[in-house]
Amino acid sequence: MDHPMDSSADENIVEESHKLVDSLDKLRVSAASSSSNFKKKPVIIIVVGMAGSGKTSFLHRLVCHTFDANKRGYVLNLDPAVMSLPFGANIDIRDTVKYKEVMKQYNLGPNGGIMTSLNLFATKFDEVVSVIEKRADQLDYVLVDTPGQIEIFTWSASGAIITEAFASTFPTVVTYVVDTPRSTSPITFMSNMLYACSILYKTRLPLVLAFNKTDVADHKFALEWMEDFEVFQAAIQSDNSYTSTLANSLSLSLYEFYRNIRSVGVSAITGAGMDDFFKAIEASADEYMETYKADLDKRKAEKEQLEEERREKEMEKLRKDMESSQGGTVVLNTGLKDKDAAEKMMVEEEDDEDFKIEEDSDDAIDEDEEDEEMNRFYV
C-alpha cells in the first residue's frame with residue numbers, strides 16, 4: 001500500500017515539471033516574429049575602403065546629393081579617431097566613447113584603441129537600431145562611415161555585430177571605395193579586388209564597387225580589366241615577378257566575381273557618377289530582398305532550431321533529475337557550489353587526519369608508559 005505522502009509528492013513533481021515546460025515555451029521566439037520586424041526602408045549604405053581612398057569625402061558627397069535630390073538621409077559615424085567631419089552626423093560614436101580615454105585607461109595603441117572603442121559601442125548598438133526603427137518611415141537612406149583602418153571593421157567581432165544588426169532589420173548594402181589613381185597598377189588593382197571579394201563573402205551582403213577620384217584618373221581601364229581578363233593579362237605581361245604571375249592566375253579565378261558585382265565611377269570632389277551610384281544601390285537593395293534576405297532567414301531558422309534542440313535536451317535532463325529525486329531536493333550543478341562543497345570536504349578530511357594523528361600519538365605515549373612500568377617491575 002502506497003503512503004499518501006508519496007502520491008502527493010509525485011503529483012507535485014508532475015505539476016512543477018508542467019509549469020517549467022510552460023514557462024520555457026513562453027520564452028521561445030519564433031522565426032516569424034523576427035521576420036515581421038523587417039522594414040524595407042531605409043536602405044543602409046555601409047561605406048568601407050582602404051585608408052586614403054576618400055571614404056569620408058565620398059560620404060560627404062552622398063550627404064550633399066541626398067539633400068539636393070530631396071532624399072531623406074540619416075548619418076552614422078563609426079570612426080572614433082577622426083578629428084573632424086565635413087558633415088553633421090546624427091549619431092556619432094565620439095559622443096559615446098572617448099577614443100583617447102580608452103587608449104589611456106586600457107594602455108592601448110591607436111589601432112587597439114579604435115577596436116576597443118568600437119567594441120564598447122557595439123554593446124549598445126541595439127539602441128541605435130531602435131532609434132532608426134522609430135524613424136524608418138521618414139528616412140530613405142542611412143549612411144554609415146567606418147574607421148579608416150578597414151580591417152578593424154570588416155574583420156572584427158564588433159563589425160560583424162553591427163553589420164548583422166543592420167542586415168536583420170533593413171536592406172543593407174556594402175560600398176567598397178577604391179582609390180582609382182593608385183589602382184592603375186595591375187598588382188594594386190588585383191589587391192583591391194581580392195579585398196572586395198573577401199568583404200563580399202565575409203558579410204554575405206550585396207556589394208557595390210565605387211571607383212573614387214575619377215576626376216584625377218578615369219576608371220574605364222578598371223572596367224576593361226574586369227570584363228576581359230586578356231586585357232588585364234596584356235597589361236601585366238611586362239612584369240615577370242612572382243606577384244604578377246599570381247595576379248595573372250587570379251584574374252581567371254575572379255571572373256565570376258566580376259560578373260556579379262556592380263561597379264561605378266564616382267568623384268567625391270565634383271559629384272560625378274552619383275546618379276549611377278544610387279541606381280546601383282537601389283538595384284542592390286532589390287537583390288537583397290530577393291536573395292540575401294532569404295539566406296538570412298534560413299540561417300536564423302537553423303540557429304533557432306539548434307537553440308530549441310538544446311532547450312529540449314535540458315528539459316529532458318531536468319525531468320529525469322526530478323523523477324530520480326522522488327520529491328527530494330535537487331542540487332544544481334554549479335561551479336561555485338561545487339567549489340564550496342569540495343573545500344568543505346577537504347577541511348573535513350584534514351580534521352579527520354589531525355584527529356587520527358592525535359590518537360596515534362596518544363597510543364604511542366601509552367605504550368611508553370607501559371614499557372616503563374614493566375622495567376620497574378623486573379628491577
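How much space lies in the second largest cavity? In this predicted model, the second largest cavity holds about 30 Å³ of space. The search that found it covered the whole structure and turned up two cavities of 30 Å³ or more. The second largest cavity is lined by Leu-200, Pro-206, Leu-207, Asn-260, Ile-261, Arg-262, Glu-287 and Tyr-292. Sorted by character, this lining has five nonpolar residues, one polar residue and two charged residues.

The largest pocket comes next. About 500 Å³ of space lies within the largest pocket. Its lining is made of 22 residues, and those closest to the pocket centre are Ala-160, Thr-163, Glu-164, Leu-296 and Arg-299. Which elements each supply at least two residues of this lining? They are strand 1 (43-49), helix 7 (150-154), helix 8 (157-167), helix 9 (186-203) and helix 14 (274-325). Helix 14 gives the most, with six residues. Eleven of the lining residues of the largest pocket are nonpolar, five are polar and six are charged.

A look at the overall fold puts these spaces in context. The protein contains 15 helices and seven strands. Of its 379 residues, 36% are buried. The protein exposes about 22700 Å², and carbon and sulfur atoms supply 52% of that area. Among contacts between residues at least 6 apart in sequence, 78% join residues at least 24 apart. One pair of residues from distant places in the sequence is Met-289 and Lys-40: they are 249 residues apart along the chain, and their C-alpha atoms are separated by 8.3 Å. Met-289 belongs to helix 14, and this residue counts as partly exposed because its relative accessible area is 29%, between the limits of 20% and 50%.

Charged side chains offer another view of the model. Side chains of opposite charge can pair when their charged atoms come close. The structure holds eleven salt bridges. In one of them, Arg-72 pairs with Asp-140, with the closest N and O atoms 3.4 Å apart. This pair links distant parts of the chain, since the two residues are 68 residues apart. Arg-72 sits in the loop between helix 3 (55-68) and strand 2 (73-77), while Asp-140 sits in the loop between helix 6 (125-134) and strand 4 (141-145). Is Asp-140 buried or exposed? Asp-140 counts as buried because its relative accessibility is 13%, and the limit for a buried residue is under 20%. Its partner Arg-72, at 42% relative accessibility, is partly exposed.

Other salt bridges join residues within a single helix. Arg-259 and Glu-256 form one, and their closest N and O atoms are 3.4 Å apart. Why are these two residues separated by about one helical turn? The reason is that Arg-259 and Glu-256 are three residues apart in helix 13 (residues 255-259). Arg-259 is exposed, having a relative accessible area of 56%, whereas Glu-256 is partly exposed at 46%.

Helix 14 provides a further example. Here the side chains of Arg-319 and Glu-316 meet in a salt bridge, at 3.4 Å from N to O. Both residues lie in helix 14, three residues apart, which is about one turn of the helix. Arg-319 is partly exposed, with 30% relative accessibility, and Glu-316 is partly exposed as well, with a relative accessible area of 38%. Salt bridges also link Glu-307, Arg-310, Arg-311 and Glu-314 in a network.

Finally, two residues deserve a look for their backbone angles. Most residues other than glycine have a negative phi. Asn-70 is not a glycine, yet its phi is positive, at about 60 degrees. Asn-70 is found in the loop between helix 3 and strand 2. At 69% relative accessibility, Asn-70 counts as exposed, because the limit for an exposed residue is over 50%. Lys-213 also has a positive phi, of about 65 degrees, although it is not a glycine. Where is Lys-213 found? Lys-213 lies in the loop between strand 6 (207-212) and helix 10 (220-227). With a relative accessible area of 25%, Lys-213 is partly exposed.

Note on methods. Residues are numbered from 1 along each chain as its sequence is written. This is a predicted model: local features need pLDDT of at least 70, side-chain atom pairs count only at pLDDT 80 or more; totals for chains, interfaces and linings use all residues. Side-chain values use heavy atoms; hydrogens and water are left out. On a 1 Å grid over the protein atoms alone, a cavity is a set of points where a 1.4 Å probe fits but cannot get out, and a pocket is an open set with protein on both sides within 12 Å along at least five of seven lines; lining residues have an atom within 4 Å of a point. Grid points are joined across faces, edges and corners, and a volume is the space filled by probe spheres set on the points. Ala, Val, Leu, Ile, Met, Phe, Trp, Tyr, Cys and Pro count as nonpolar, Asp, Glu, Lys and Arg as charged, and the others, Gly among them, as polar. Helices (H or I, at least four residues) and strands (E, at least two) are DSSP runs, numbered from the N terminus. Buried means under 20% relative accessible area, exposed over 50%, partly exposed in between (1.4 Å probe, protein chains only). Contact means heavy atoms within 4.5 Å. Accessible areas come from the Shrake-Rupley method with a 1.4 Å probe; for residues, only the protein chains shown count as cover. A salt bridge is a side-chain nitrogen of Lys or Arg within 4 Å of a carboxyl oxygen of Asp or Glu.
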